[in-house]
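Got a moment to look at a new structure? Let's go through it by asking why things get the labels they get.

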Amino acid sequence: MRPNSVAIVGASETTELGKVPTMSQVQLHADAALNAIADAGLELGDIDGIATGGHNPVEIAHYLGIVPEWLDGTSVGGCSFMLLVRHAAAAINEGLCTTVLITHGESGRSGLGRHGSSIFPSLFQQQFERPYGVTRPPTMFTIPVLRYMKQYGLTEETLAMVAVVQREWAGLNPRASFRDSITVDDVLGSRMICYPFRLLMCCLVTDGGGALVLTRSERARDMRRPPVYVRGTGESGETPLISQMDDFTSSAAFRVAGARAFASAGISHGDVDHLMIYDAFAHLPIYGLEDLGFVDRGEAGPFIAEGHTRPGGSLPLNTNGGGLSYMHSGMYGMYALQEGVRQMRGEAPAQVEDAEISVVHGVGGMFGASGTVVLTNVA
Amino acid sequence: MPQGERELPRPTPETSHFWEGTRRGELRLQRCEACGTVYFPPRHFCPKCGSTYVSVFRASGRATLHSYVISHLPAPGFEPPYAIAVALLEEGPKMMCNILECAQTPEALVLDMPLDVCFEKINDEITLPQFRPARES
Ligand SMILES: [Zn+2]
């Protein structure tokens, strides 16, 4: 893609996050969509491209009363929205449509109007994993971690520090689900979910949604909000089976998506002011920091424990509190993007001063897929 | 514990040789005769080079404990806590399994410990490959 050719001109989450018993899943999509379109200073009739993950984009279009000229329903898990930003930028550049609405809505906690899985089932997983008692994500996503811990000497205490540091960020965010500070002892004393993972190392389960509006940058400059440019993007996928991940200490999908995003944006790690790494579980920021190349192999745990990613640190990471403390409806990628946009607009609750480049990195499935988006407020 | 029994594999044309093997007490893998790659899960071609010149062979059954979790969550057909593990086969591929004939504790489940394949007959059609700590030789 051409750097900065497309911009995010509207962005919003649902009016409420957490427990939203008044809205079914499709209404969560629509609530976020109407908020984002209003944020952009546009009207429903201006939207000619519709994209969503984990939900039929035709239903979103129909529910909003739009007959679009472009649709994308890429559903590869929680990072689908990073991939959709990439696909939307390509479609706008190609002239397939002018104004794309990307929506997310998920009644993850209340389960209202939720139908089936947000990701296609895997033939191999049915035969070669499910008979061994894998059920929800905590029983799968966590499986590689003991291998990482043995290989690099990562301790449970250091793993717990990921949750502790993110709670510090959540404490600065009035919309975060959990804001009270926690200690390593609190994390290691919380209920065992799936050894070595305890409750406070696992993401929340909430209701919510978010939406983005994208258009060409030339047009964006005359619009209501300051443009947030899409400077670079990458995407990849490795396997729908956690047991078949090639290297249990590193994600091939992370490495490919991240390298492509950095190269297409023409940036190096020192240029990054703000970073989001999708944290469904406490080990994900560790894998992400290493696979994106911010630190060497085995160094990410100590890097976090030493405070480099906490408020005031050199690399502000997951500044909304993350999936561990902010919110996690199931497909968290949209919320990571929303925080990247807030930081680039200079309006985040825990604003990183003078931030000009934000990297937002997502995971889909259990290390199955990945998408990375580089955002900037500098044309 | 939730109602119901554990989910059982539904064999497909590409995997039927594998499930036929487990019924007979054999762990079957595939080898590419063009490039030598040994692979799993089963399919009619080599995922490394695309060749359809592939053969089925009986694996040694020797493996090591590559990684695992001990789940405390309810699951149909399982009594928590139980380990969900990945065995690294001597021939190279990885395979999800449970660890039988072994305490389901971090103390008993030591990474890289040697494992042997064993077979858990569920019914006349399905026998699951499983692993247990290797016996002293
Ligand atoms: Zn081959």
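Q: What makes an atom a donor to the zinc ion here?
A: The cut-off is an N, O or S atom within 2.8 Å of the metal. This is a predicted model, and in it the SG atoms of B:C32, B:C35, B:C46 and B:C49 sit at 2.2 to 2.4 Å from the zinc ion. Those distances are within 2.8 Å, so the four SG atoms count as donors.

Q: Why is the site of the zinc ion called tetrahedral?
A: Four donors earn that word if all angles lie between 85 and 135 degrees. The angles among the four donor atoms run from 103 to 117°, so the site passes. For comparison, the ideal angle for four tetrahedral donors is 109.5 degrees.

Q: What spacing do the donors of the zinc ion follow along the chain?
A: They follow C-x2-C-x10-C-x2-C.

Q: Why is B:C46 called buried, and why is B:C49 called partly exposed?
A: Buried means under 20% relative accessible area, and exposed means over 50%. B:C46 has 1%, so it is buried. B:C49 has 42%, which falls in between, so it is partly exposed.

Q: How do you know that A:R224 and A:D39 form a salt bridge?
A: The rule asks for a side-chain nitrogen of Lys or Arg within 4 Å of a carboxyl oxygen of Asp or Glu. Here the N to O distance is 3.8 Å, so the pair qualifies. The two residues are 185 apart in the chain: A:R224 is in the loop between α8 and β8 of chain A, while A:D39 is in helix α1 of chain A. A:R224 is exposed at 56%, whereas A:D39 is buried at 11%.

Q: What makes A:E290 and A:R297 a salt bridge?
A: Their closest N and O atoms are 3.6 Å apart, which is within 4 Å, so the label fits. A:E290 is buried at 4% relative accessible area, and A:R297 is partly exposed at 34%.

Q: How do you know that B:E20 and B:R24 meet in a salt bridge?
A: Their N to O distance is 3.6 Å, so they meet the 4 Å rule. B:E20 is partly exposed at 30%, and B:R24 is exposed at 59%. Elsewhere, salt bridges that share partners join A:D39, A:R224, A:R225, A:R345 and A:E347 into one network. Over all chains, the count comes to 25 salt bridges.

Q: Why do β1(A) and β7(A) count as paired?
A: Pairing takes at least two bridges. Seven bridges join β1(A) to β7(A), so they pair, and they run antiparallel. One spot to look at is A:A7, which stands opposite A:T215 in β7(A). Strand β4 of chain A also pairs with β7(A) in the antiparallel sense, over eight bridges, and A:S107 has A:D207 as its bridge partner there.

Q: What makes β7 of chain A mostly covered?
A: Nine of its 10 residues are buried.

Q: What makes the phi of A:N4 worth a look?
A: Most residues other than glycine have a negative phi. A:N4 is not a glycine, yet its phi is near 65°, a positive value. A:N318 likewise has a positive phi, of about 55°, and lies in the loop between α11 and α12 of chain A. At 0% relative accessibility, A:N318 counts as buried.

Terms used:
Residues numbered from 1 in each chain as written. Chains lettered and ligands numbered in written order. Predicted model: local features only at pLDDT ≥ 70, side-chain atom pairs only at ≥ 80, totals over all residues. Heavy atoms only, no water. Helix = DSSP H or I, 4+ residues; strand = E, 2+ residues; numbered from the N terminus. Buried < 20%, exposed > 50% of the residue type's maximum accessible area, 1.4 Å probe, protein only. Donors = N, O, S within 2.8 Å, 3.2 Å for Na, K, Ca; no water. Tetrahedral: all angles 85-135°; square planar, octahedral: opposite > 155°, others 65-115°.
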